Amino acid sequence: MTADVPFGSATNITGLSFALGANETYTFEFNLKVENGLSGTPSINYGFSGPGGGSTLVAIVTGNSGSLSTIGSYVLTSLGSFTGNLNNLSSANNWVYIRGTFQTSTSAGTFQLRAQTTDVSNAGE
């Protein structure tokens, strides 16, 4: 990824996807720097899209939450879900680490990292 990705509502993060084969298991890891370029302190949720039909996802999302010294985390277990969030991203030096496993069933497709902010008026980038 070589450019900022501004978002508000659920957005595919350009450049952070990969092709999947059917009946395969994948381990993935994302290390992200997240900046809030606008006023306010939005909360950002992360999720994934990918082939369904019996696929299995387990991912842990960890990052600073409110300050560089406060850590937050949550677990994702379903595609399209934006459960959990990292709160109050007020600084320009936020970080997010996402690691997990995705097992496809009979369908191939694309695994895509997605993000959304819970305060669209103060969208992150």
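A strand, in the sense used on this tour, is a run of at least two residues that DSSP marks E, and strands are numbered from the N terminus. With that in mind, select residues 71-76, which make up strand S5, and find Ile71 within this strand. Keep in view throughout that this is a predicted model.

**The whole chain**

Before going further into single residues, colour the protein chain by secondary structure, and you will find zero helices and seven strands. Read along the sequence, the pattern is therefore simply β-β-β-β-β-β-β, given what counts as a strand here. If you then switch on the surface, the accessible area of the protein chain is about 6100 Å², and 49% of this area belongs to carbon and sulfur atoms. Of the 125 residues in the protein chain, 41% are buried. Among the contacts with a separation of 6 or more, 78% are between residues that lie 24 or more positions apart.

**Strand S6 and its partners**

Select residues 94-103, which form strand S6, and show the side chains, which alternate along the strand. On one face you will see Asn94, Val96, Ile98, Gly100 and Phe102, which are buried, whereas Trp95, Tyr97, Arg99, Thr101 and Gln103 point to the other face and are not buried.

Next add strand S2, residues 25-34, which runs antiparallel to S6 and is joined to S6 by ten bridges. To see one of the opposing positions, select Phe28, which stands opposite Gly100 in S6. Then add strand S4, residues 56-64, which pairs with S6 in the antiparallel sense over eight bridges. Here a good pair to label is Val61 and Ile98, since Ile98 in S6 is the bridge partner of Val61.

**Stops along S4**

Which residues does Thr62 touch, leaving out those up to four places away in sequence? Select Thr62, in strand S4, and show its surroundings: the residues in contact are Ile71, Gly72, Ser73, Leu86, Trp95, Val96 and Tyr97. Thr62 has a relative accessible area of 18%, and because buried means under 20%, Thr62 counts as buried.

Stay in S4 and move to Val58, which is also placed in this strand. Val58 has a relative accessible area of 43%, so it is partly exposed, a class that lies between the limits of 20% and 50%. Now select Val58 together with Ile60 and Val75, and you will have a nonpolar patch on the surface, with about 250 Å² of accessible area together.

**Back to Ile71**

Is Ile71 buried or exposed? Its relative accessibility is 52%, and because exposed means over 50%, Ile71 counts as exposed. Draw a distance from the C-alpha atom of Ile71 to the C-alpha atom of Leu86, which is 15 residues away along the chain, and the separation is 8.6 Å.

**The three-stranded sheet**

For the last stop, hide the rest and show strands S1, S7 and S3, which form an open sheet in the order S1-S7-S3 with antiparallel pairing. The edge strands are S1 (11-20) and S3 (44-49), each of which pairs on one side only. Neighbouring strands of this sheet are turned by 20° against each other on average, with direction ignored. Finally, look between S3 and S7 (residues 109-117), which run antiparallel and are joined by six bridges, and label Ser49, whose bridge partner in S7 is Gln112.

Conventions. Residues numbered from 1 in each chain as written. Predicted model: local features only at pLDDT ≥ 70, side-chain atom pairs only at ≥ 80, totals over all residues. Heavy atoms only, no water. Helix = DSSP H or I, 4+ residues; strand = E, 2+ residues; numbered from the N terminus. Buried < 20%, exposed > 50% of the residue type's maximum accessible area, 1.4 Å probe, protein only. Contact = heavy atoms within 4.5 Å. Patch = residues over 30% accessible without salt bridge, like charges linked within 9 Å, V, L, I, M, F, W, Y side chains within 5 Å. Areas by Shrake-Rupley, 256 points an atom, 1.4 Å probe, with all protein chains shown as cover. Salt bridge = Lys/Arg side-chain N within 4 Å of Asp/Glu carboxyl O. Pairing = 2+ DSSP bridges. Axes fitted to C-alpha atoms, helices over the stretch in contact; angles between N-to-C directions.
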